[in-house]
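Me: Could you take a close look at one helix for me, and then at what else stands out in the interior?

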Amino acid sequence: MSMRTKVLGLVDVMMRVPPVLVIDEILKIGMGLPTRFYPDTSPPQSPVAEDVGFLADADTPGAAAEAFATLKAFLGLGDEAQSSMTPTASPLEQTIDNASKKAMTNGMLSTGFNSLMSELSHDETLADVLSITTVKFMICLFGFLSAACIFMLWTRHLVMVYMFLTSLGLSFLSYWSNVSALALMEQSPCILEDLMSLNTTRLLDSGGVIMSLAPHVMAQWFMGMLFAYIHLGPRYELLQKSMPIIFTSPILIAMLPLPPHVVELLPAIAGTAPVILTLVTMMCSAMEASRTVYNGYQYAMNFVSNFGLSALIENEWQRLNVPNVLRVFWTIRIIQGGYALAIADSNEPLQLFPAIEKLLVDGCETLTAVLGMTGVISMICHYIGRGFQWFLMTYDNDEEKSLGTVSAVLFYILALQTGLTSLSPEKRFVRLCRNLCLLMTALLHFLHNIVSPILMSLSAARNPSRKRHARALTVCAFLVVTPVSLLYYLWLQRSISTWLLAVTAFSVEVIVKVLVSLATYTLFLLDARRQFFWEKLDDYLYYVRAFGNSVEFCFGILLFINGAWILVFESAQNATGGAIRAIMMCIHAYFNIWCEARAGWSVFMKRRSAVHKISSLPEATPAQLQAFDDVCAICYQEMYSAKITRCRHFFHGVCLRKWLYVQDRCPLCHEIMMYTEKAEENVPDAEPAEADQAERVYPRDDANNAGSTRRSPERSVPAEASEASTTASTSNSAMVYAETIVGAAAAAAEARTASVSSSSSNASYITASNQPPTPSATTAAAAVATAAASSTTHIFRVTQDQQ
């Protein structure tokens, strides 16, 4: 990206910040609506109960009691003394109190409702409040919509808007400057007489009127030249050249001996020309502005109909460069607040931590301020992810790309559901710190998602780089030590609360996930350094991962119960936050509880069924394995123990169990591997064959057991044949999947040919009668590829004899 493009992008961002500042100021005053009609008559809280320190428990039992008190007052179940108004109540409060009593006594649909409304309509205080509030709200709403529309304009139109606003601002600024200059001239002797008499003493006096008027004259001349350059009205050559003189004319004419009432009118007369030009510009641009808005609406509708609403939002988000605009806006807001604190008149020196607390509280005062803080937090989380990526020596991770976005969404949702902007400054700082703690625990989860696949790849690929192993293990140690330290501090310093339970659940969940990843990493390392096939590896992996998933599921249920308690007892004062919390609880209940439980139960039942089917197959004896003298056709590993299928094919029990997750047919010949009642009726002599199976030694069948022939080191074979077989089976690890697919396809094709022609080599092992139609070679290849893809345990394993 060139420097010119960067500068233009920065200029575009800076031009979109002022509308956001306007929206923020409108939201500061609550859109002109009164935030509180009634004075706060609640008794003052004791200093013991009020804890405004870091992570104080400000909304636990007290908040629940307050919620119950509010509910009782709303239902009219409180004491009469509590519901009665104080003697100093205002007329508006008395009117509303009388209306409430009549509503509770007669009902909202009774005959007394009409008299109640008439009493409210004749109340002068209420009428004044409503009239003033309505006007303020309409003005604020108009300003809000105008600022939002200006923010969304294209850059060309945005420049035109700023040129118009600048020309209008120059007109008013020129008027105020002229008024100030004329006020100075009224209190001084006649300047014209001094000029004609060449009174240099008075003219060159540093405190004289000439020196005071010089800045005004220079400023008026400059504003006139700038107005002539940027205004969008008719550009007549004579008018353009005379614009600086028009701006400066009140000061020059006021030097003449004119009556005072004429001098007072000079600034207004001089401002007539620029104001008229601005009004002409507004009238000429009104139609074009409306056409621009209409074209933008048509563009948005066409875009939605063609690509969808999400694509439109993403496209506009990138065009407007919203994250950078919000970050610049929040930075300007913080700098403004810091400057106000620095220049404030105070006898005490400015302290660092109270100043930071003040800036953070003001930084989340409105929804736009929270959005700006969200953008800054998103950038910080993004660079944290980049830093961990650099430390782990990996640069292509999709999890890191979404780290900043997900953390921003999470922080903003937490701010909305906790009502961050509606809290008092003290409680707002406490809630902000709590939300940041929750965000930090979520960040630890994201970092685990980055380091976990790196651990798996390092262990399975037998990566010799100890540096990469040490870095990954260091990150895992950090992910364990950090939540443990946080929990130790919180449980030692703070009392139990719903928020503390949530932080504890998230932290313990991170610890368990890291321990599960380390256990899996250790098992893979042990398997990679074994000389023989480890059949129990998959069982150990299943047990470890099942433990981790079970712990996560239990904590998911705990978080749901905790959220339900907060929703019922602690969110009564925040309707918007309660609604958002309810929605998030529904999403959590469906995806993190129901879907996880259903998926876990499905995996458990598949595994249980596969184990039951495998246990029904006979185990191969050492004599049978020596006579077979081949590798497993699924994983291409040596077989020191194997299962014999109904069609007399040999496979590892673990590999065959994974295959049974996909289908119940043999990977080579697609014969049904499990005996059924119908098969037993058709084959009455199946039991004698099974009884005699232990003493039988099956010869090799190259047609049914396709694969590279490889003998184990213990077997006595010629050295040349062993070397040739080893070279053929380990020529290229990248060709394992291709060899599996091609070999299975060839085996399936040969099996079908053999079953049709009843060849002598396969007649004693495959029964072609009463079998379902055999799938095509492409289907067989796809099925074997699925099984090979699911066999992730030994996919990178290379034994010593292969090397």
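Reply: **Helix 11, then the interior**

Helix 11 covers residues 237-253, so 17 residues, and runs 24 Å from first C-alpha to last, close to the 24 Å expected at 1.5 Å a residue (the expected span is 1.5 Å times one less than the number of residues). Helices here are DSSP runs of H or I with at least four residues, strands are E runs of at least two, and both are numbered from the N terminus. This is a predicted model, where local features need pLDDT of at least 70 and side-chain atom pairs pLDDT 80 or more, while totals for chains, interfaces and linings use all residues. Numbering starts from 1 along each chain as its sequence is written, and side-chain values use heavy atoms, without hydrogens or water.

Helix 11 does have a kink: about 45 degrees at Met243, with Pro244 following within four residues (the angle is between axes fitted to the seven residues ending there and the seven starting there). Met243 and Pro244 are both buried, and so are Gln240, Phe247, Thr248, Ser249, Pro250 and Ile251 (buried is under 20% relative accessible area, with a 1.4 Å probe and protein chains only).

Now the interior. In the largest nonpolar core, with 25 residues, Cys632, Met639, Phe650, Phe651 and Cys666 touch the most other members (a core is a set of buried Ala, Val, Leu, Ile, Met, Phe, Trp, Tyr and Cys joined through side-chain atoms within 4.5 Å). Helix 24, helix 25, strand 2 and helix 26 each give two or more residues to this core, and helix 26 has the largest share, 4 residues. A second, separate core of 23 residues includes Leu444, Leu455, Leu479 and Val514.

Note on methods:
Buried means under 20% relative accessible area, exposed over 50%, partly exposed in between (1.4 Å probe, protein chains only).
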